[in-house]
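The following exercises concern contacts, burial and strand pairing. Please work through each task before reading its solution.

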Amino acid sequence: MRYLPKSPAERQEMLAAIGAKSIDELFSSIPEPYRLKKPLHLPGPLSEAEIIEYFKARAAENSFGYTSFLGAGVYNHLRSVITDTIIQRGEFLTSYTPYQAEISQGTLQAIFEFQTMICQLTGQEVANASMYDGSTATTEAVLMAERLTGRRRVLIARSVHPEYRDVLKTYAKNSGLQVEEIPFAAKGTLDTRALQAALKDDVCAVVVQSPNFFGAIESVAPLAESAHATGALLVVAVTEGVSLGLLKPPAEADIVAMEAQSFGLAPSYGGPFAGVIASRDKFVRQMPGRLTGQTTDSEGRRGFVLTLATREQHIRREKATSNICTNQALCALAATVHLTLLGKEGLREMAEQNFSKAQFALSELEKIPGVRRAFAAPFFNEFTVELQRSVRLVNAQLLREKIIGPYVLGTPYPELTKHALVCVTETTTGAEITRFAAAVRRALEQPL
Amino acid sequence: MTDKIKKASRHTIQNEGLIFEKSSPGKRAFDLAPLDVPAADPAKALGAEYRRAGVEGFPEVSEIEVLRHFTRLSTWNFAIDLGMYPLGSCTMKYNPRVNELVARLDGIATEHPYQPQELSQGCLKILQLLEKSLLEITGMDAITLQPSAGAQGELTGLLLIRAYLERQGNARKKVLIPDSAHGTNPATAVIAGYQVESIKSESHGQIDVDKLRELVTEDVAALMITNPSTLGIFEERMPEIAAILHGKGALLYMDGANMNALAGVARPGDLGVDVMHLNLHKTMSTPHGGGGPGAGPVAMKKILEPFRPAPILVEKEGGRLALDFQRKESIGKVKAFGGNFGVLVRALAYLLAYGPGLRQATEDAVLNANYIRKHLEDVFELPYNLPSMHEVVFSDALQKKNGVNTMDIAKRLIDYGFHPYTTAFPLIVPGALMIEPTESESKEECDLFIDALRAIAEESATNPELVKTAPHTTRVRRLDEVAAARKPVLRWKPAEKRSESAD
């Protein structure tokens, strides 16, 4: 086997050194009846070329050659060759969590730079080294708010990503958290009156997403004011990081739970992505996840270490702030390299292109009889339209023209029967948008 | 000192500042194609209320500077690609590069989780083949690939147990956890709504079965067991342990962190385990990447199957695969968008390379651990001397006499060109040296490692100061962790402008 660096003679030599007659002797502590007698029934072994062939064949059974207008929490943005070159360096790819700081300074300094950039993006004071994804980051942000306030009620906007809300409910079920959903108003943003009615002094967190699941941008500052008036914390989830290149950061939030997939990570059928939590300095000791801090070595040189570990499971066990151990380090590194490449100007330009293209896409769609903008709130690169026909039927027509149509909002929101969530990014060309609009027009005009 | 170092690794010592310190306005490393639609004016369309001017403090550098910056940083890391990385419990094995290639293919990396299932058959076939393979390896009946990593797999497993017991009418109160367990076990049990009761290991390091029999009452939901244990010892009485739990209606959870000792040799399902997670970033070689991403699939017996996180992969007529979201008894979702697909792809590529030959990897891993044990047991104390599986745990008791502890020995190993073993874990071994070589090390590499540790044992007696001040060859020396925690500096900030007024 090509991955195993031993010859049969070396194996024998090693067994002899140990004083074992056969390899089976080394497994003698497994009771005999439980030792496998037959080889496992597994496909393979395959050569390298055969492995590539297998996966290429699978790739060909997927959506290759289609243009997509899907977003809904997973975005197709440009990725750079440089990012991939860096994260494939063995020194980053094949290293472990940087517990031995003296030989992990590369990873540690990169995390420090990641934490800094996340703070700059979100307007927060401190960010962690990463969480699994945006959904678990949002959940952990709520658990953090619970620890900080000692309260148990959570108010989460229905306009937060449905799967993020699902994950929160899974975690909340057994930790005594009471999760209530706040409806959205006619313009697509949180119904502030409903929020006011629900806000009492037993609420630990108000959770919103901005831009929200319908693409609508929430006004964070007044929401923070409302939450703070009752002693609750405001948690803002960000699923589309690129929006932060153009939109005011959620600086008034107490905790920002972010998905960094937009920063150089492929959609990859849903993962791996990188969640991250940012917050205020004063809350840092209740933050989950790893943190890298700056320090000096015994000769006074700057260096970095994992720090404040007394929050974590390997030290605190059942009293830890979270059970997270392995996080998404390499994905966070990819985001760091990607954001460094974009830089201040690149990120702004990318965000502006997303914005312009979404405006163009909406204007093209609005020309079609039977398409109506659903929500009046401003948006970034995703917006909701209401169609005269079922989105499913329209999408079925689009597929015939090699277009993957917009997200069907009726699945998670039964009342939005004919609503579609359209996403365009800098990777969507003007010509593709025009072709998409023409296809939607044909689909709506076609006799049923 | 130098004549003993047969495997010299010189760490690069070039200086490299923070990227922010290299920034200069007007430099750029990225260009977009020109905008091909009419430009919308965000100031007009959004208004001042929503718009920001730009991200203050973001770096402005060129492409070559970005490449050089991160390449230089990378040279300060140790990695499996550079040599043996014997972190116990972490299974730092070779990460085959073909796995990286296939995870990046167009049609694999490019797929959106919400695209139509008829355009995702390739992805679903990959998931199906991985599910079948992992079930075969674990001897279980059903599986979920959704959990992001081991700790989330543990949570999923306990929530499955909870859902099952709730359906029986009583979720119960306690989860039993041996004192040798990973910290994630108790941290997870709390999130699942259980109290933790610790079980002391018996004098040989195994579960105290008589004590267990006393502790398992109608209040106990499950025992979380790691097998082989964190001492690298197989729990010989596993079937009996399972029977004790089942006799009281409780279930047996297995932490699969140490599955690299069993794959192809024995199956947890046959040993009475009801539910377990696998760490694909350990056993199935997906890269640790400096701390993640991982994947923590959870395999289970039939009784737990109805409670799996939605969606479930199902095969329809004609072999068409689909995702079933309508799962009434499901515990819910633990992560958005299904599992860490890119990691799952790499794990399948790994398994395809081995096929049934996976057993050879397990045998080599156990062979290496025992070979190292044999050659070190005369110079390091072995606190529990039952047979070792894939890892061996020594203690620093002999070196302590000269004031040298496990962390000092670990730091000195760096000078010899190795990554340290796991220090100070498991907690039941004071001053532990937890060594897991994995199957990826040749006899030569094992010999060099043995030489290094024997030399350090000798240095600990003859020149303890040399060991206590190690490492001597790295870019930075030991770092002040106390200062880092006392006054945390967790982000870069631009140099403060000079101000006359004090506070």
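**Exercise 1: the surroundings of one alanine**

Ala347(B) lies in helix α9 (residues 341–354) of chain B; helices (H or I, at least four residues) and strands (E, at least two) are DSSP runs, numbered from the N terminus. This is a predicted model, in which local features need pLDDT of at least 70, side-chain atom pairs count only at pLDDT 80 or more, and totals for chains, interfaces and linings use all residues. Residues are numbered from 1 along each chain as its sequence is written, and chains are lettered from A and ligands numbered from 1 in the order in which they are written.

Task: determine whether Ala347(B) is buried or exposed.

Solution. Step one is the criterion: a residue is buried if 20 or more other C-beta atoms, placed from the backbone, lie within 10 Å of its own, exposed if 12 or fewer, and partly exposed in between. Step two is the count: Ala347(B) has 26 other C-beta atoms within 10 Å, and is therefore buried. Step three concerns the neighbours: beyond four places in sequence, Ala347(B) is in contact with Leu130(B), Leu280(B), Met284(B), Thr286(B) and Ala295(B), where contact means C-beta atoms, placed from the backbone, within 7 Å. The C-alpha atoms of Ala347(B) and Asn99(B) are 7.8 Å apart, although 248 residues separate the two along the chain.

**Exercise 2: a helix pair across the chains**

Task: classify the crossing of α2(A) and α4(B).

Solution. The axes of helix α2 (residues 48–60) of chain A and helix α4 (residues 121–138) of chain B come within 6 Å and cross at roughly 135 degrees. Axes are lines fitted to C-alpha atoms, for helices over the stretch in contact, and angles run from 0 to 180 degrees between N-to-C directions. Angles under 35 degrees count as roughly parallel, over 145 as roughly antiparallel, 65 to 115 as roughly perpendicular and the rest as oblique. The two helices α2(A) and α4(B) are therefore oblique to each other.

**Exercise 3: a sheet in chain B**

Task: state which strands are the edge strands.

Solution. In chain B, three strands form an open antiparallel sheet in the order β10-β12-β11; strands pair if DSSP finds at least two bridges between them. The edge strands are β10 (392–395) and β11 (422–423) of chain B, each pairing on one side only. Four bridges join β10(B) to strand β12 (residues 432–435) of chain B in the antiparallel sense, and Val392(B) stands opposite Ile435(B) in β12(B).

Key
Two residues are in contact if their C-beta atoms, placed from the backbone, lie within 7 Å.
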